[in-house]
2 protein chains.
Amino acid sequence: MKQESGSHRYQEQRRQAIRSAAAVFAEKGFHGSSTRDIAEHLGIKQGSLYYYFKSKEEALGEVCLFGIEDYVHRMQEIAASDQAFEAKLTATVTSHLSCYRERNEALKVYNDERLYLPAGRRIKLKQLGSQYRQQLEGIFEQGMESGVLRPSVDCHFAAQAVIGLCNAWGDIIVRDPDINMFDIIQKCTDLLLNGFAERRKVRRT
Amino acid sequence: MKQESGSHRYQEQRRQAIRSAAAVFAEKGFHGSSTRDIAEHLGIKQGSLYYYFKSKEEALGEVCLFGIEDYVHRMQEIAASDQAFEAKLTATVTSHLSCYRERNEALKVYNDERLYLPAGRRIKLKQLGSQYRQQLEGIFEQGMESGVLRPSVDCHFAAQAVIGLCNAWGDIIVRDPDINMFDIIQKCTDLLLNGFAERRKVRRT
DNA sequence: TGCATGTTCTATAGATCTATAGAATTCCGC
DNA sequence: GCGGAATTCTATAGATCTATAGAACATGCA
């Protein structure tokens with residue numbers, strides 16, 4: 001019945017199925033979507049979906065993986081490049097927000113629905129997630145070593161803050177296509193580097 | 001069958017039901033939770049839940065409202081107080097994160113599940129949400145006028161950034177009870193005011 | 001064309017889930 | 001303790017939903 005090795009055509013069709021699942025999961029959430037919804041989006045009947053996925057959970061797993069894959073890949077390229085700290089930070093924010101702007105519903109699904117995966121299926125995702133965070137931490141360490149950042153910066157906190165900030169704006173960007181993304185990118189990096197306070201005064205909180 | 005005016009006892013029991021719904025929705029999501037789950041958490045049988053809610057959607061609506069209510073209320077007090085800008089900012093971050101630390105599952109539900117409410121039920125929530133954001137914007141305007149903030153700050157962006165940052169850390173705090181919340185509060189406000197960059201250098205991105 | 005394999009369809013079992021109706025029980029003022 | 005109101009229970013209708021089995025159709029190679 002089902003192709004084991006995976007012909008070229010099969011892989012191509014399966015990718016489309018993953019995209020459909022991503023679109024539906026992003027809109028209605030994992031539990032709010034039915035396999036019928038996904039199949040309809042793809043233009044086939046409900047039962048036929050099981051030619052591509054062993055279960056609904058497998059579909060979710062594939063969507064999450066698809067969503068985070070090239071996102072992590074881009075970060076790897078940025079971290080490995082020989083740019084200065086500030087360029088890397090800007091590139092990170094740009095990459096992160098671009099993923100949302102490109103209607104990457106899969107990334108939204110990764111963020112919002114991955115917790116519904118059984119523990120076994122989450123291992124790979126956790127790996128990729130912490131790889132991303134660690135590389136971002138590495139960028140901040142580079143920034144401290146080069147003297148651009150204050151020595152007191154907590155790199156773990158900083159990395160989480162960047163991710164949180166970008167995810168928050170990513171959500172807003174997805175819902176409002178009229179937003180000027182470059183404006184947001186510029187303001188985010190400016191916030192991360194300089195904060196909102198007037199620079200003349202020295203402040204300690 | 002059902003109490004119309006709402007005796008004291010009824011209102012009290014209903015609050016408990018809302019709390020149970022909040023706990024279950026927060027863990028499994030709206031569509032992932034069944035009315036049986038909620039009833040079990042509350043210690044009654046599935047059908048009995050409809051003594052307190054006309055539908056599952058009504059329960060979600062009440063949870064969301066409950067989650068955002070005192071959160072907005074606290075912001076109102078902060079905004080109306082006569083503190084200086086920096087104190088208000090710290091108070092805002094503290095209030096926001098405290099809501100999460102107090103296991104306010106309802107706030108998480110408001111953030112993650114409110115989109116599944118029908119449009120009619122969302123009106124009040126939207127009002128409260130934008131009230132919160134506007135008051136936060138007002139605080140930033142105060143900070144600009146008093147000269148603490150740079151004149152170039154975009155108050156709308158700033159307010160969204162604070163909310164996004166606090167939500168991101170709120171999520172982390174909820175999952176990891178060992179985190180030192182005061183450390184996070186201090187680092188968040190420091191980031192918002194000063195950024196991560198060494199202050200001696202003047203940076204423009 | 002004919003055969004084998006790949007892809008989709010129909011139909012359905014079996015397990016949910018929401019919401020309702022009415023019976024049973026508990027609570028509380030008298 | 002009695003009687004009415006408040007609260008909870010049981011049972012179920014009716015509408016999902018996931019996953020499977022096997023038939024039907026399509027495709028491509030000999």
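Among contacts in chain A between residues at least 6 apart in sequence, what percentage join residues at least 24 apart? In this predicted model, the figure is 70%, and the paragraphs that follow go from the chain as a whole to its helices, its pairing with chain B, a pocket, and some individual residues.

Chain A contains 8 helices and 0 strands, so that reading along its sequence gives the pattern α-α-α-α-α-α-α-α. Taken along the principal axes, the box filled by the C-alpha atoms of chain A is roughly 70 × 35 × 30 Å. Of the 205 residues in chain A, 49% are buried.

Helix H5 of chain A shows how burial looks at the level of one element. Its buried residues are A:Ala106, A:Leu107, A:Lys108, A:Val109, A:Tyr110 and A:Glu113, a list in which charged residues, A:Lys108 and A:Glu113, stand beside nonpolar ones. Among the elements that cover these buried residues are H1, helix H3 (56–80), H4, helix H6 (119–145) and H7 of chain A.

Helix H5 also takes part in the second largest pocket, which holds about 270 Å³ of space. This pocket is lined by 13 residues, and the closest to its centre are A:Ala26, A:Arg103, A:Glu105, A:Lys108 and A:Val174. At least two lining residues come from each of four helices of chain A, namely helix H1 (8–28), helix H4 (85–101), helix H5 (105–113) and helix H7 (155–175). Sorted by class, the lining comprises 6 nonpolar, 1 polar and 6 charged residues. A:Lys108 therefore appears in two roles, as one of the buried residues of H5 and as one of the residues closest to the centre of this pocket.

The next step is to set the two chains side by side. Chain A is superposed on chain B by a rotation of 180° with 0.0 Å of shift along its axis, and the RMSD is 0.1 Å. Such a relation is that of a two-fold axis. Both copies use the same surface, for 100% of the contact residues of chain A recur in chain B. The residue of chain A that comes closest to the rotation axis is A:Gly195, whose C-alpha lies at 2.0 Å.

Charged side chains give another view of how the parts are connected. Side chains of opposite charge can pair when their charged atoms come close. Over all chains, the structure holds 14 salt bridges. In one of them, A:Lys187 pairs with B:Asp154, and the closest N and O atoms are 2.7 Å apart. This pair joins two chains, because A:Lys187 lies in helix H8 (residues 181–194) of chain A, while B:Asp154 lies in the loop between helix H6 (119–145) and helix H7 (155–175) of chain B. With a relative accessibility of 26%, B:Asp154 counts as partly exposed.

Other salt bridges stay within a chain. The side chains of B:Arg14 and B:Glu62 meet at 3.2 Å, N to O. That pair links distant parts of the chain, since B:Arg14 belongs to helix H1 (residues 8–28) and B:Glu62 to helix H3 (residues 56–80) of chain B, 48 residues apart. B:Arg14 counts as buried at 14% relative accessibility, whereas B:Glu62, at 24%, counts as partly exposed. In chain A, a network of salt bridges links A:Arg14, A:Glu58 and A:Glu62.

A further salt bridge, at 3.0 Å from N to O, brings together the side chains of B:Asp183 and B:Lys187. These two residues are separated by about one helical turn, because they are 4 residues apart in helix H8 (residues 181–194) of chain B. An α-helix has 3.6 residues a turn, so residues three or four places apart point the same way. B:Asp183 has a relative accessible area of 28% and is partly exposed.

Two buried residues of chain B complete the tour. B:Leu128 lies in helix H6 and is buried, with a relative accessible area of 15%. Leaving aside residues up to four places away in sequence, B:Leu128 touches B:Leu65, B:Ile68 and B:Val72. B:Leu128 and B:His73 are 55 residues apart in sequence, and their C-alpha atoms are 9.5 Å apart in space. B:Ser98, placed in helix H4 (residues 85–101) of chain B, counts as buried at 11% relative accessibility. With the same exclusion of residues up to four places away, B:Ser98 touches B:Arg74 and B:Met181.

Definitions and conventions. Residues are numbered from 1 along each chain as its sequence is written. Chains are lettered from A and ligands numbered from 1 in the order in which they are written. This is a predicted model: local features need pLDDT of at least 70, side-chain atom pairs count only at pLDDT 80 or more; totals for chains, interfaces and linings use all residues. Side-chain values use heavy atoms; hydrogens and water are left out. On a 1 Å grid over the protein atoms alone, a cavity is a set of points where a 1.4 Å probe fits but cannot get out, and a pocket is an open set with protein on both sides within 12 Å along at least five of seven lines; lining residues have an atom within 4 Å of a point. Grid points are joined across faces, edges and corners, and a volume is the space filled by probe spheres set on the points. Buried means under 20% relative accessible area, exposed over 50%, partly exposed in between (1.4 Å probe, protein chains only). Contact means heavy atoms within 4.5 Å. Copies are superposed by least squares on the C-alpha atoms of residues with pLDDT of at least 70 in both. A salt bridge is a side-chain nitrogen of Lys or Arg within 4 Å of a carboxyl oxygen of Asp or Glu.
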